[in-house]
Amino acid sequence: MDAHESHMTESDLFTWSMEQDPALRSTIVTLLLLDSEPDRDRLWHTLDRASHAVPRFRHRLVAAPLRLTPPRWLPDPDFDLSWHVRRLAAPAPGDLSAVLEFARTEAMAAFDPARPLWQFTVLSGLADGRCALVLKVHHSLTDGVGGIQIAGEILDFEREGTSRPELAESAEVDGNGAVGDIITWNWATGTELVRDGVATAVSAARRTVTNPVGAVRDGVTLARSLLRLARPVTTTLSPLMTERSLVRRLTVLDVPLPTLHRAAHRTGCTVNDAFLAAVLIGLRTYHERRGATVARLRVAMPISLRHPGDPIGGNRISLARFVVPADIAEPDDLMHALDGVVEGWRHEPAVPLSNAVAATFNRLPVGLLTDMFKHVDFIASDVPGSPVPLYVAGAEVQRIYAFGPTTGTALNVTLVSHVETCCVGINSDAAAVTDPDLLTECLAAGFRAVTALGAAILED
């Protein structure tokens, strides 16, 4: 493990530090609904193997003296798989609402910082012999795409299972002591900065000579992009979802994936545009039903920075915060407007520098930054899942709902596609969203308005 992979990234350290305010905890809860109970021994073997395939599942965070480096990932000398994997009877009445109630308590509970930051709970005794799996991980262990990679170490393509090679014990991280670790990390970081700085300086010098006007223009563009990425947010655009608390409510929706695809195709937009449009229509309707109007909302959307060859799991995203329209009446017009905004942010010059921006924030007092997140209205995340059936220890996965952290916003809406269903998980702050059932009903109406564009193709 190199000097960077062995430590929390500056972006993850930023979110970790924000957790001094419990409302900003970065906990991901994923719920899998199964058609039957997984085989106990097979599941245990699968999870034990997966904990070796994803080393951070056996690592805990160790802080450096005087915060001279980000916290370091080190093997937990007391690692006990039985502490992380639990079997419980589903609470009465043993239906989806009971499972969601359990999952929300998991979303609200803090991790034990002395142990690896994950827990896996098997909830048995659901109706018709079904079962639920609740996986709780800290966001620093993985992002959405990384979570799909980790799922590949746990889930099978056949009920009989998937043959996987046995893994050796994870190699111990080089233990050169606290002082040696500080020197190694800062040397590696300094060397990288010098190398990148020299390369940038040479490129800039060459460009200044060959195209001085373009060089100045690019510099100004980057500076403006950095300001947009790091600009403080001091006001909440929603007139309704303004309060924040530690209480969460979890609800779910199922949306047909083929019609969402067709709606995106018909309008020349992406599935993510269709998803975001549906959420905005739903939020606009929720405001109207509560006697309020809203023209614009501020969304935080993860932008993947993952590259081929990156280690499995890990958190490699930049969280862009930007304003989106909520008052465009026609779904197709709204999708086109969103496509332009989202594409613009995906290509912001400063996005690849988000870790450096976070490093700057990490040198500031935490209290100066926490309120900035509480003025973002919502988070929206679209995670491509599996187009084919999946199994875990002999049980078929029927649904996969991911509940991303609100991180100080009013709600997080995460879509995970599974076979031909979009599984939508809604994690809302109870103080901001006082009627989560109405919100879910309005979001369902938003998806119906968008998917109607796809259904119209079949009628033409």
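**Salt bridges and a buried arginine**

Reader: Is glutamate 106 buried or exposed?
Author: This is a predicted model. Glutamate 106 has a relative accessible area of 7%. The cut-off for buried is under 20%. Therefore glutamate 106 counts as buried.

Reader: Which side chain meets glutamate 106 in a salt bridge?
Author: The N-to-O distance is 3.0 Å, and the partner is arginine 86. Glutamate 106 sits in helix H4 and its partner in strand S4, so the pair ties together parts 20 residues apart in sequence. The partner is partly exposed at 26% relative accessibility. It is arginine 86.

Reader: How many residues apart are arginine 42 and aspartate 156?
Author: They form a salt bridge, with the closest N and O atoms 4.0 Å apart. Arginine 42 is in helix H2, while aspartate 156 is in the loop between helix H5 and helix H6. The pair links distant parts of the chain, and the separation is 114 residues.

Reader: Which residues join Arg159 in one salt-bridge network?
Author: Arginine 159 bridges to glutamate 396 at 3.6 Å. The first lies in the loop between H5 and H6 and the second in strand S12, so the bridge ties together parts 237 residues apart in sequence. Salt bridges with shared partners connect Arg159 to Asp35 and Glu396.

Reader: Arginine 298 is buried, so what is its nearest side chain of opposite charge, and how far away is it?
Author: Arginine 298 lies in strand S8. Its side chain reaches the backbone oxygen of histidine 375 at 3.4 Å. A salt bridge needs N and O within 4 Å, and arginine 298 has none. The nearest side chain of opposite charge is aspartate 377, at 5.0 Å.

Key: Residues numbered from 1 in each chain as written. Predicted model: local features only at pLDDT ≥ 70, side-chain atom pairs only at ≥ 80, totals over all residues. Heavy atoms only, no water. Helix = DSSP H or I, 4+ residues; strand = E, 2+ residues; numbered from the N terminus. Buried < 20%, exposed > 50% of the residue type's maximum accessible area, 1.4 Å probe, protein only. Lys, Arg positive; Asp, Glu negative; His and termini not counted. Polar contact = N/O pair within 3.5 Å; in protein donor to acceptor, adjacent residues only side chain to side chain.
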